[in-house]
Amino acid sequence: MRNLGLDLGGTNIKLALLDGGEVVEEQAVPTLSEHGGPDAVLRRMAELADSVGGVDSVGAAVPGLLDDGGVAVLFPNLHGAWAGVPVRARLEAALGRPVALINDGHAFALAESTLGAGRGAPDVMCIVCGTGIGGGLVLGGRLHLGVADRAGEFGHHTVVLDGPRCECGNSGCLELFAGSRAIARAAGAESFDVVVRRARDGDPAAVGALAGAGRLIGIAVANVLIFVAPCRVVVGGGVTEAGELLVGPLRASIAEHACVAPLDDIGIVTAELGPRAGAIGAALWGAQKAA
Ligand SMILES: [Zn+2]
């Protein structure tokens, strides 16, 4: 079986093709949502999908919230007017076949729990921290979607009471402090990559910004661990490229705050699939829905 996955990200549209459960092809093209908006982006996705020839299923991961009919509700990290765009219908019309849509945090969780750092564990909590922060919970080997597929919106966990307003309507959300752009802002740097470079050179503001973000992510993880007690936690996304500068404080924060959780039995690990996880998860999702 050839299962195609697409991952619509703020920077790139990625493709992964699975054959018999193994990744046999990968591609990426720039999203360029600032050029042509949703119409042009959906056309680029369809062209990319067409480039691999015949497949048995198609799944697509999207960076935001959808309604039941596959219509975009909120895609905060893409340019253009996405709210109300019938994403699934447009992709299905362009490709002439069913397309299963999945939130990118869920796609990450499905990929890492099936083929990555969570494989073999029945209950896995997955968090992906990039520009935005999302995730998913796998319980008893199955992705937990929740009502209206809204489970796993980890970035909108309140970590600062009466904090700044978030696009979701809440204030003090984790994403506002621990997303890659927020970390850059806190360190007074132009990008997250610059923060990591400066931190490795010992710059205190950069080290502090990464550690602060790690601590806040750790508090949010600790809250879920206390409640769910999964056997493994997988942390991934661009911000984990800072390595121990961020993951060290994250672990320390979990140890400090999740006192009642059985921490000796909960493995806290970093993701294995890197930036391919979303496309691989989308391919797995498409395969599940087509079965
Ligand atoms: Zn929020």
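## A serine inside helix α8

Let's start with S253, which touches R215, G218 and I219, leaving aside residues up to four places away in sequence. This serine belongs to helix α8, which spans residues 244-257. Please keep in mind that the model is predicted.

Is S253 buried or exposed? Its relative accessible area is 2%, so S253 is buried, given that buried means under 20%. The S253 side chain also has a polar partner: the backbone oxygen of R215, which it reaches at 2.8 Å.

## Helix α5 and its cover

Helix α8 turns up again around helix α5. Which residues of α5 (residues 180-187) are buried? They are S180, A182, I183, A184 and A187. The elements covering these buried residues include α4 (175-178), α6 (192-200), α7 (204-228) and α8.

Just after α5 comes G188, a residue with a positive phi near 65°.

## The zinc site

Now to the metal. Which protein atoms act as donors to the zinc ion? They are ND1 of H156 and the SG atoms of C166, C168 and C173, at 2.0 to 2.3 Å from the ion. The angles subtended by the four donor atoms run from 107 to 118°, and therefore the arrangement is tetrahedral. For comparison, the ideal angle for four tetrahedral donors is 109.5 degrees.

If you want to find the donors in the sequence, look for the spacing H-x9-C-x1-C-x4-C. H156 and C168 both lie in the loop between β10 and α4, so this pair ties together parts that are 12 residues apart in sequence. With a relative accessibility of 25%, H156 counts as partly exposed. C168 is partly exposed as well, at 38% relative accessible area.

## The sheet from β3 to β7

One open sheet has five strands, arranged β3-β2-β1-β4-β7 with mixed pairing. At its edges are β3 (22-30) and β7 (100-103), each of which pairs on one side only. From one strand to the next, the twist averages 20°.

Within this sheet, β1 (residues 2-8) runs parallel to β4 (residues 57-62), and five bridges link the two. In this part of the sheet, L4 is found opposite V58 of β4. Two helices pack here. Helix α1 (residues 37-50) touches β1, β2 (12-19), β3 and β4, and its direction makes about 30° with that of β2. Helix α9 (residues 277-290) touches β1, β2, β3, β4 and β7, with a direction at about 130° to that of β1.

## The sheet from β10 to β12

Another open sheet of five strands follows the order β10-β9-β8-β11-β12, and its pairing is mixed. Here the edge strands are β10 (142-144) and β12 (267-270), each pairing on one side only. Neighbouring strands are turned against each other by 25° on average, with direction ignored.

How many bridges join β11 (residues 232-236) to β12? There are four, and the two strands run parallel. One residue to look at is V233, whose bridge partner in β12 is I268. Helix α3 (residues 104-115) lies across β8 (124-129), β9 (133-139), β10 and β11, and runs at about 45° to β9.

Notes
Residues numbered from 1 in each chain as written. Predicted model: local features only at pLDDT ≥ 70, side-chain atom pairs only at ≥ 80, totals over all residues. Heavy atoms only, no water. Pairing = 2+ DSSP bridges. Axes fitted to C-alpha atoms, helices over the stretch in contact; angles between N-to-C directions. Contact = heavy atoms within 4.5 Å. Buried < 20%, exposed > 50% of the residue type's maximum accessible area, 1.4 Å probe, protein only. Polar contact = N/O pair within 3.5 Å; in protein donor to acceptor, adjacent residues only side chain to side chain. Donors = N, O, S within 2.8 Å, 3.2 Å for Na, K, Ca; no water. Tetrahedral: all angles 85-135°; square planar, octahedral: opposite > 155°, others 65-115°.
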